[in-house]
Amino acid sequence: MKLKYIIDKKYDKQFVNMSSPVVYKNFDDIYKHSLKYLKYTQVEYQKAWNEIGQKFSCYIEKETGYRWFYPTYYCIISIANQGISNWGYEPRIIRGWKENPYSQRRITAHELILSHYFEIYQRHYSDHNLTDVQVWALAEIATFALTSLTKTAKKFWPWDYSGYYTNHNYPQIIDLQKKLKTIFLKRKNFDEYILKGINLVKKYKDINP
């Protein structure tokens, strides 16, 4: 799998209203004056990602047991949204443009893994009839695990000591996240981890983001 950072004004704009109505109202002007910075960020983000891209791609395939579902993923550089994944309908994610090129790698990886997990669930586990919120919770937690709980993952962002952190914006999933940590560490394979997660998440009624 290859990741390409791109600039896509139309795609970016359709998500801006989610995070900032004020920016949306003035989007065209802000975008025009930010374009040269977006282009600079595009180049720098790409350089930093390319240093780990192939190894990261192989790592996720090995850990999950599933090949990436698209040969190329696209990361749109955004003027307003820090990070947006998708539910597997297309290989696109969004990342904010104001980050350090190296420190942006973990969250970028996070968004990619979310997309990958959504695809795995839709193609292989949808008969378990989870709600969208339940799938989202499991995907988020699996992503925390895959970006922190293995020796390989830590090599991709060695300066990041936050680990399997719980001080995120989703307090409603913390209890489930803690329970799934042990399951992840003791898993025989990723499918076992997914299935145990599915059984656990059904017990949580109030996990809306």
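## Notes on the helix packing and a few single residues

1. Let's start with H6 against H9. On the H6 side, Gln134, Leu138, Ile141, Ala142, Ala145 and Leu146 make the contact, and they meet Phe190, Tyr193, Gly197, Ile198 and Val201 of H9. Sorted by class, that contact has nine nonpolar residues, two polar ones and no charged ones. Keep in mind throughout that this is a predicted model.

2. Now the geometry of that pair. The axes of H6 and H9 lie 10 Å apart, and the two helices pack at an angle of about 135°. An angle has to be over 145 degrees to count as roughly antiparallel, so H6 and H9 are oblique to each other. Their crossing is right-handed.

3. H9 also packs on H8. Here the angle between H8 (residues 174-185) and H9 (residues 190-201) is about 150°, again with axes 10 Å apart. That value makes H8 roughly antiparallel to H9, because the cut-off is over 145 degrees. The crossing of H8 and H9 is right-handed.

4. Who does the touching between H8 and H9? From H8 you have Leu176, Lys179, Leu180, Ile183 and Phe184; from H9, Phe190, Tyr193, Lys196, Gly197, Leu200 and Val201. By class this contact splits into eight nonpolar residues, one polar and two charged. Flip back to the H6 and H9 contact and you'll find no charged residues there.

5. The third pairing is H6 with H8. Their axes come within 10 Å and cross at roughly 50°, so these two helices are oblique to each other. H6 passes H8 in a right-handed crossing. If you want to look at the side chains, Leu138, Ile141, Phe144, Ala145 and Leu146 of H6 meet Leu176, Gln177, Leu180 and Phe184 of H8. The tally for this contact is eight nonpolar, one polar and no charged residues.

6. A few residues turn up in two of these contacts. Leu138 of H6 is listed against H8 and also against H9. Leu176 of H8 meets H6 and is part of the contact with H9 as well. On H9, Tyr193 is in the contact with H8 and in the one with H6. Those are handy places to click if you want to see how H6, H8 and H9 come together.

7. On to the cysteines: how many disulfides does a search of the whole structure find? Zero. The sulfur of Cys58 has its closest cysteine sulfur in Cys75, 20 Å away, which is too far for a bond; a disulfide needs the two sulfur atoms within 2.5 Å. Cys75 is likewise in no disulfide. Their surroundings are worth a look too: Cys58 counts as partly exposed because its relative accessibility is 40%, whereas Cys75, at 0%, counts as buried.

8. Ser57 sits in helix H4 (residues 53-64). Is Ser57 buried or exposed? With 2% relative accessibility, Ser57 counts as buried. Setting aside residues up to four places away in sequence, Ser57 touches Met1 and Trp68.

9. Those two partners show up again around Leu112, in helix H5. Leu112 is buried, at 0% relative accessibility. Leaving out residues up to four places away in sequence, Leu112 touches Met1, Leu3, Trp49, Phe56, Trp68, Tyr73 and Ile93. As for distance along the chain, Thr131 is 19 residues from Leu112, and their C-alpha atoms are separated by 21 Å.

10. Compare that with Ile7, found in the loop between strand S1 (2-6) and helix H1 (9-19). Ile7 and Leu38 are 31 residues apart along the chain, yet their C-alpha atoms are separated by 7.3 Å. Beyond its neighbours within four places in sequence, Ile7 is in contact with Tyr31, Leu35, Leu38, Lys39 and Gln42. Ile7 is partly exposed, with a relative accessible area of 26%; the buried class would need a value under 20%.

11. Last one: Asn129. This residue has a positive phi of about 55° although it is not a glycine. Most residues other than glycine have a negative phi. Where does Asn129 sit? In the loop between helix H5 (104-124) and helix H6 (132-146). With a relative accessible area of 64%, Asn129 is exposed.

Note on methods
Residues numbered from 1 in each chain as written. Predicted model: local features only at pLDDT ≥ 70, side-chain atom pairs only at ≥ 80, totals over all residues. Heavy atoms only, no water. Axes fitted to C-alpha atoms, helices over the stretch in contact; angles between N-to-C directions. Helix = DSSP H or I, 4+ residues; strand = E, 2+ residues; numbered from the N terminus. Parallel < 35°, antiparallel > 145°, perpendicular 65-115°, else oblique. Left-handed = near helix turned anticlockwise from the far one by under 90°. Contact = heavy atoms within 4.5 Å. Nonpolar A, V, L, I, M, F, W, Y, C, P; charged D, E, K, R; others polar. Buried < 20%, exposed > 50% of the residue type's maximum accessible area, 1.4 Å probe, protein only.
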